[in-house]
Amino acid sequence: MNDACFQGDIPAAYDRYLVPILFDPYAADLAQRLASVHPHRVLEVAAGSGALTRAISSALPHAQIIATDLNQAMLDVAALRHSGGHIAWRQADALSLPFPDHIFDTVTCQFGVMFFPDKQRAYREILRVLKPKGIFLFSTWDSLESNAFAKVIMTETNALFPEDPLDFFRRTPHSYFDAEAILSELERAGFESAAFTKVEKTAHASSARDAATAFCKGSPLRMEIEARNPKFDVVARVTAALEQAFGKGPIEGPMSALVFTAEAPR
């Protein structure tokens, strides 16, 4: 199972449902942190459909932004949403960035590092393209237990497939939250002054069905569901579980992430 594959109908569903529920609140926070260091040239890796890119564009209207993602389909959705002149969209693999050494003031990534198959290699690549004293700023999800919507959805989908449970959440998006281990990995890659902070937000969805659709149709969880060829409506079952946990109508639940900063050597 390729958890980094966002193709077919997934990018559109991701952008329509998942971005406003999970990613927009953290994008605003990360963009403000980025703006505080006043970069002129920004590289974003694993940009997805551009939630953080759009926030950076608003916070740094005069910066040059290059937004990259492994999946061209995600960038196509992003480009339709934002065609600002100071943003360039480019397909790229974070493990082999197509840029010269030492050209970016900052590199940023929102909820993408968990998908890197070789994190040390990706970190070394990011360090390579940063200018001396440049900043790497990124976020990763906290534990599944700290993110209410995802926890309920995983519990319900595992109950639906007890003999072949879906492990996407624990395998990838909620697999990388040991802060001390991540700091150590950054230092081994060559970064200095690595630090982190926990950032807690509230996820809002206009309905339980929107939240169910977001996760079951707008993420690689969809491929795991379809691989099991269910004879029932998974979105309807997950919707019912979310309504039981959070009520009908608009719903909300706590979510938690870790935000890391690290500096390139002088």
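How many helices and how many strands does the protein have? In this predicted model, the protein has 10 helices and seven strands, and the legends below move from the whole chain to individual places within it.

**Figure 1. Overall view of the predicted protein model.** The C-alpha atoms fill a box of roughly 55 × 40 × 30 Å when this is taken along the principal axes. A compact globule of 266 residues would have a radius of gyration near 18 Å, and the protein, which has 18 Å, therefore agrees with that expectation. Of the 266 residues, 56% are buried, and of the contacts with a separation of 6 or more, 79% join residues that are 24 or more positions apart. The protein exposes about 11,300 Å², of which carbon and sulfur atoms supply 49%. Its side chains include 26 positive and 32 negative ones, and the centres of these two sets lie 2 Å apart.

**Figure 2. Close-up of T108 in strand β4.** Strand β4 covers residues 104-110, and T108 within this strand counts as buried because its relative accessibility is 0%, where buried means under 20%. A polar atom of the T108 side chain lies 2.9 Å from the backbone oxygen of L137. Leaving aside neighbours within four places in sequence, T108 is in contact with L137 as well as with L30, L34, V42, L43, E44, V45, L52 and I56.

**Figure 3. Close-up of helix α3 and the elements it packs against.** Helix α3 spans residues 72-81, and A73, M74, L75, V77 and A78 are buried in it. These buried residues pack against α1 (10-35), and also against the strands β2 (64-69) and β3 (87-91).

**Figure 4. Close-up of helix α8, which is mostly covered.** Seven of the 10 residues of this helix, which runs over residues 208-217, are buried. The buried residues are A208, A211, A212, T213, A214, F215 and C216.

**Figure 5. Close-up of F177 in the loop between α6 and α7.** The two helices on either side of this loop are α6 (168-171) and α7 (179-189). F177 counts as partly exposed because its relative accessibility is 35%, a value that falls between the limits of 20% for buried and 50% for exposed. Not counting residues up to four places away in sequence, F177 touches W141, D142 and S143, and it also touches I182 and L258. From C-alpha to C-alpha, F177 and M114 are 9.2 Å apart in space, while in sequence they are 63 residues apart.

Definitions and conventions: Residues are numbered from 1 along each chain as its sequence is written. This is a predicted model: local features need pLDDT of at least 70, side-chain atom pairs count only at pLDDT 80 or more; totals for chains, interfaces and linings use all residues. Side-chain values use heavy atoms; hydrogens and water are left out. Helices (H or I, at least four residues) and strands (E, at least two) are DSSP runs, numbered from the N terminus. The radius of gyration is taken over C-alpha atoms; the globule rule is 2.2 Å times the number of residues to the power 0.38. Buried means under 20% relative accessible area, exposed over 50%, partly exposed in between (1.4 Å probe, protein chains only). Contact means heavy atoms within 4.5 Å. Accessible areas come from the Shrake-Rupley method with a 1.4 Å probe; for residues, only the protein chains shown count as cover. Lys and Arg count as positive and Asp and Glu as negative; His and the chain ends are not counted. The place of a charge is taken as NZ of Lys, CZ of Arg, CG of Asp or CD of Glu. A polar contact is a pair of N or O atoms within 3.5 Å; within protein, one must be able to donate a hydrogen and the other to accept it, and residues adjacent in sequence count only if both atoms are side-chain atoms.
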